[in-house]
There are 2 protein chains.
Amino acid sequence: MVVRAGREFLAIPGPTNMPDEVLRAMHRPALDIYSDAMVELTDGLLRDLSTLFATKNRSFIYIANGHGAWEAVLSNVMSRGEKVLALESGRFALGWAQAASGMGIEAEMLPGDWRRAVRPEQLEARLRADRTHRIKAVLAVHVDTASGVINDIPAISRAIKQAGHPALLLVDAVASLGCMPFEMDDWGVDVTMTAAQKGLMSPPGLAFVAASDRARDAHRSANLRTPYWDWTLREGPEHYQKYSGTAPVHLLFALRAAIDLLFAETLPHAFRRHSLLGEAVRRAVGAWAEGGVLDFNIADPAERSDTVTTVLMNGADPAELSRYCRDHCGVVLGTGIGEIAGRAFRIAHMGHVNAPMILGTLGAIEMGLRALKIPHGSGGTEAAINYLGDNVKA
Amino acid sequence: MVVRAGREFLAIPGPTNMPDEVLRAMHRPALDIYSDAMVELTDGLLRDLSTLFATKNRSFIYIANGHGAWEAVLSNVMSRGEKVLALESGRFALGWAQAASGMGIEAEMLPGDWRRAVRPEQLEARLRADRTHRIKAVLAVHVDTASGVINDIPAISRAIKQAGHPALLLVDAVASLGCMPFEMDDWGVDVTMTAAQKGLMSPPGLAFVAASDRARDAHRSANLRTPYWDWTLREGPEHYQKYSGTAPVHLLFALRAAIDLLFAETLPHAFRRHSLLGEAVRRAVGAWAEGGVLDFNIADPAERSDTVTTVLMNGADPAELSRYCRDHCGVVLGTGIGEIAGRAFRIAHMGHVNAPMILGTLGAIEMGLRALKIPHGSGGTEAAINYLGDNVKA
């Protein structure tokens, strides 16, 4: 316990660190929800969310988390008994498919692997075999926070087109939006969903959806629509319809402050920052892995995300390392979840993170590896420092 | 600018990082300053401050900074034309002596060196030469935040006694109290002063003084007493006299939260934490120093404080390094001040600091040394990690 007094380092993949500006933004009275100021707040946020999704289409704000957004997406475009194909590469496409099943949708998994990204050619083959076009939509996760993978959404989109299949492409960008490039329109994504508590640096409680014209067409005949999630109802003339009731004013104040910070930094800059910090983490893990115990969960370096790194511990106990980092250093690591629970830990590097936060986190992990005598290659944090020193020019 | 978005790392030697609990404590209405709750708040703080000073004597709370506390101390025990001897080992005993001069006190410096601690034997010799006991008080600084030195207050106290001299020992513990052991009564200190914004993790604006019986005796005949600083007036029967007017309620709320945190950690634990983190910084600087450019300002390792490390840069520009750390990484280093201005930077490791904050700060400095191509021995941050990993047991 001796060196943890100080600011807690939250290195979990969401909820992420909130900037003080975001916290402060919530410390004020609510707006009159019928005021012009409230309408302006909503309009500005919806416009900016579409910019974040890189779409000309409209966005929707839900009081919900990511699981809620899954349901929002499905209920607006699907009918009971229709079929989705979910692309496995970790835990979250599976979770989305299970949500679909629970709503009366037939859900098929395209088998994949926890240690690699979705293979677009397998998707293309499966869709070609679906001659009757039973598959109404493909569910893809951009970054899976369990496995640490990044899927190639443009390639997945191309695979659908090359198969000549009309399936909608529905994408979960919860763990990537605001951190890595995402181009909804250019990539041909039909619906994108995300949430407030990762790259958008806001409190959990808000989810966001954007829909293409093709998705709006599907929406018209979808019979799973419910009053809370329904896009058409949310576009009614009254402002309160935008939120299907009371607006979550304080969460919106927080989101406004967070998006202002992100736009002030500029998106290309934030993406570059995540790429630098993600690579710094990978340099450290790569050096540690030489000890034969630690290893990347994602085997192919090109498939590792810039927002979260999942580290396998072959034989050593990740809970001991996490406990050391938390109790002795004040660094909270993510645990391994799903099929690698008990065999992995995760380092999040998304949202409000800078070089000293990442280097401090890596330093604490390296302290723990040493204190716990877990075999590891030396110089992991140093490799991260050297990489950043070489790439962040004076 | 690419990797600085994230929480700012404040590595300056005061004001230091404030815990969120301290910030939150101020976010409430003031107390009725005539209420029992206000009296209880004051009584509890005064009792706890005496515990922090390790004295059975009473403490005083001033709305002031450290410079104000210097004046509070001097005005309560000195008369116009009396003489003090200030012990040079950096900038702050000199500053205190200048304040004395400005108040009509004769101030003599015991010459010292910016690169080493006060030599008690020189003090003893000077006092022995003062046969008429013209020197009324000795001004000593425990930790000088400019030079990074720690002075041996018990040895200084012994030197006064061994010289058979009646001088009062007045000590500035601004940069040590709450971070390193301080034993006012055991060490024979007559007056100790400190301030809120360093080891006490509170906003600048409060200063604290504790006085021994010998100091109280001197107080009776002191003619520099003024209404605002006067101990006797502050001990009058009315509560408002404790603050010579309106109590600084919100600063007191903050201080209450900070001392609660410190006591919850326990003082021995906080001292050990500072010792571990201070040594970690020294391991890093020691490794970097092998490149021939960086060097410790304090030559003797035993005289380096556990709260701030002053690093000389022989030939390289510390402003460039500080700019890199601030603009590119979000780490704010202390600048060199006084006679080493423009030739040094400072790393504070006091107050609300833990392993990842220190390792993140060191990592950012090492990034900067690399990016700026400033010659430095490699493996500085790694040496800090290894030291902490070996000494913070699982």
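Which residue of chain A comes closest to the rotation axis? Let me come to that by way of the two chains, keeping in mind throughout that what we are looking at is a predicted model.

If we take chain A and superpose it on chain B, the operation is a rotation of 180° with 0.0 Å of shift along its axis, and the RMSD is 0.0 Å. The two copies are thus related as by a two-fold rotation axis. The residue I asked about is A:Gly360, whose C-alpha lies 1.9 Å from that axis, closest of the residues of chain A. As for how the chains meet, 100% of the interface residues of chain A are interface residues in chain B as well, so the copies use the same surface to meet one another.

Let me turn to the nonpolar cores. The largest of them has 86 residues, and the members that touch the most others are A:Met367, A:Leu388, B:Met367 and B:Leu388. Taking B:Met367 and setting aside its neighbours within four places in sequence, we find contacts with residues of chain A, including A:Ala355, A:Leu359, A:Ile385 and A:Leu388, and with B:Val3, B:Tyr324 and B:Cys329 of chain B. A second core, separate from this one, has 54 residues, among them B:Phe53, B:Ala247, B:Ala258 and B:Leu262.

Next, please look at helix H12 of chain A, residues 318–329, which has twelve residues and spans 16 Å from its first C-alpha to its last, close to the 16 Å expected at 1.5 Å a residue. Its buried residues are A:Pro318, A:Leu321, A:Ser322, A:Tyr324, A:Cys325, A:His328 and A:Cys329. They cover an arc of only 165° around the axis, which puts them on the same side of H12(A). What do these buried residues pack against? Within chain A, the partners are strands E12, E13 and E14 together with helix H13, while chain B contributes its own helices H13 and H14.

Strand E14 of chain A also holds A:Arg346, a residue covered by the annotation "binding site" in an unreviewed UniProt entry. Is A:Arg346 buried or exposed? A:Arg346 is buried, with a relative accessible area of 7%, and its contacts beyond four places in sequence include A:Ala11, A:Pro13, A:Thr145, A:Leu333 and A:Ile337. The unreviewed UniProt entry further gives "domain: Aminotransferase class V" for residues 49–336 of chain A, a span that is 41% helix and 19% strand, with its end C-alpha atoms 31 Å apart.

Another buried position is A:Met184, at 0% relative accessible area, which sits in helix H7 of chain A. Not counting residues up to four places away in sequence, A:Met184 touches, among others, A:Phe53, A:Ala54, A:Val191 and A:Ala210.

I would like to end with some details of the backbone. A cis peptide bond joins A:Gly14 and A:Pro15, with omega of about -5°, and A:Pro15 belongs to the loop between strand E1 and helix H1 of chain A. In chain B a cis peptide bond joins B:Gly14 and B:Pro15, where omega is about -10°.

Two residues that are not glycines have a positive phi: A:Met201, at about 55°, and A:Ser244, at about 50°. A:Met201 lies in the loop between strands E9 and E10 of chain A and counts as buried at 4% relative accessibility, whereas A:Ser244, in the loop between helices H9 and H10 of chain A, is partly exposed at 33%.

Definitions and conventions:
Residues numbered from 1 in each chain as written. Chains lettered and ligands numbered in written order. Predicted model: local features only at pLDDT ≥ 70, side-chain atom pairs only at ≥ 80, totals over all residues. Heavy atoms only, no water. Least-squares fit on C-alpha atoms with pLDDT ≥ 70 in both. Contact = heavy atoms within 4.5 Å. Core = buried A, V, L, I, M, F, W, Y, C linked by side-chain atoms within 4.5 Å. Buried < 20%, exposed > 50% of the residue type's maximum accessible area, 1.4 Å probe, protein only. Helix = DSSP H or I, 4+ residues; strand = E, 2+ residues; numbered from the N terminus. UniProt positions renumbered as here; feature names shortened; annotations may be inferred. Expected span 1.5 Å × (residues − 1). Arc of directions from axis to C-beta.
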